[in-house]
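Reader: I have a construct on the bench and a model on the screen. Please walk me through the cysteines, cores, sheets and side-chain contacts.

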Amino acid sequence: MSQADLKGEMLQAMRRLAKSVTIITTSNGQERFAMSATAVDSLSTEPPSLLICVNKTASLHAVLDAGADFCVNILGLEQEGLSHLCSGPVKGEARFQQGDWRSSEGGIPYLGDAQSAILCQQDGKFSYGTHTIFIGRIVEIHNSVEISPLVYLNGAYTTTASSLVVAN
């Protein structure tokens with residue numbers, strides 16, 4: 001199979017991999033940055049950590065590459081509009097004009113009403129092809145009570161469950 005064919009088949013295969021939709025946020029101290037992403041995963045529980053994969057052409061890549069901390073905001077079904085806002089032509093501070101945006105003690109923006117907002121201290125990076133894998137050591141988590149995950153599958157938004165409430 002040629003490289004072009006392999007790339008096309010990989011893209012088709014990844015359309016079948018249902019993933020939670022997130023917005024990754026960071027700040028350089030003066031500006032806030034946000035982008036929609038599905039390339040996020042848990043890494044370890046000891047220490048609690050996760051990884052994000054960011055295209056080198058993304059506006060927040062340079063800030064992360066310089067070592068900035070970040071937040072992974074896991075979106076709910078009702079936040080589909082925010083995902084569109086953070087993946088389209090709107091750039092910079094305009095991406096924060098909608099939503100319940102708050103700021104951590106360290107100045108990292110996070111969504112107050114996200115399914116989960118996972119604040120991370122950057123703890124490593126690895127460049128591979130068109131992307132950089134950033135490792136985040138989790139320092140703080142804000143979980144919502146309701147669970148209504150926004151999922152991306154086959155080029156469209158969907159969900160996996162009716163709204164659930166987590167028992168504490």
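Reader: Is C53 buried, exposed or partly exposed?
Author: This is a predicted model, where local features need pLDDT of at least 70, side-chain atom pairs count only at pLDDT 80 or more, and totals for chains, interfaces and linings use all residues. Residues are numbered from 1 along each chain as its sequence is written, and side-chain values use heavy atoms, with hydrogens and water left out. Buried means under 20% relative accessible area, exposed over 50%, and partly exposed in between (1.4 Å probe, protein chains only). C53 has 22% relative accessibility, so C53 counts as partly exposed.

Reader: How many disulfides does the structure hold?
Author: A disulfide is a covalent bond between the sulfur atoms of two cysteines. The cut-off here is a pair of cysteine sulfur atoms within 2.5 Å. The number of disulfides in the structure is 0.

Reader: How far from C53 is the nearest cysteine sulfur?
Author: C53 is in no disulfide. Its nearest cysteine sulfur belongs to C120. The distance is 13 Å.

Reader: What about C71: which cysteine sulfur is nearest, and is C71 buried or exposed?
Author: C71 is in no disulfide either. The nearest cysteine sulfur is that of C120, 7.1 Å away. With 0% relative accessibility, C71 counts as buried.

Reader: Which residues touch the most other members of the largest nonpolar core?
Author: A nonpolar core is a set of buried Ala, Val, Leu, Ile, Met, Phe, Trp, Tyr and Cys residues joined through side-chain atoms within 4.5 Å. The largest has 18 residues. Those touching the most other members are I24, I52, V54 and F70.

Reader: Which elements give two or more residues to this core?
Author: Helices (H or I, at least four residues) and strands (E, at least two) are DSSP runs, numbered from the N terminus. One helix is on the list, α2 (61-65). The strands are β3 (32-37), β5 (48-55), β6 (70-74) and β9 (116-128).

Reader: How many residues are in the second core?
Author: This core is separate from the largest one. Its members include A34, L82, F96 and W101. The count is 12 residues.

Reader: Which strands are at the edges of the open sheet that holds β12?
Author: Two strands pair if DSSP finds at least two bridges between them. The 3 strands run in the order β1-β12-β13, with antiparallel pairing. Each edge strand pairs on one side only. The edges are β1 (19-20) and β13 (156-158).

Reader: Which residue in β12 stands opposite K19?
Author: β1 and β12 (residues 151-153) pair in the antiparallel sense over 2 bridges. K19 faces a residue in β12, namely Y152.

Reader: Which aromatic residue pairs with Y152, and in what geometry?
Author: Rings of Phe, Tyr and Trp (its six-membered ring) pair if their centres lie within 6.5 Å; planes under 30 degrees apart count as stacked, over 60 as edge-to-face and the rest as tilted. The centres of this pair are 5.3 Å apart, with 70 degrees between the planes. Y152 is partly exposed at 34% relative accessible area. The partner is Y157, and the geometry is edge-to-face.

Reader: What geometry do F126 and Y128 show?
Author: Y128 is exposed, at 60% relative accessible area. F126 is partly exposed, at 49%. Their rings sit 6.4 Å apart, centre to centre, with 20 degrees between the planes. That pair is stacked.

Reader: Which residue forms a salt bridge with R32?
Author: A salt bridge is a side-chain nitrogen of Lys or Arg within 4 Å of a carboxyl oxygen of Asp or Glu. The whole structure has 4. In this one, R32 of strand β3 meets a residue 61 residues apart, in the loop between α3 (80-85) and β7 (101-103). The closest N and O atoms are 2.2 Å apart, and the partner is E93.

Reader: Which ring does R32 lie over?
Author: A charge sits over a ring if NZ of Lys or CZ of Arg is within 6 Å of the ring centre and within 35 degrees of the ring normal. R32 is at 4.2 Å from the ring centre. The ring is that of F96.

Reader: How far apart in sequence are D65 and K125?
Author: Their side chains meet in a salt bridge, at 2.9 Å from N to O. D65 lies in helix α2 and K125 in strand β9, so the pair ties together parts separated by 60 residues.
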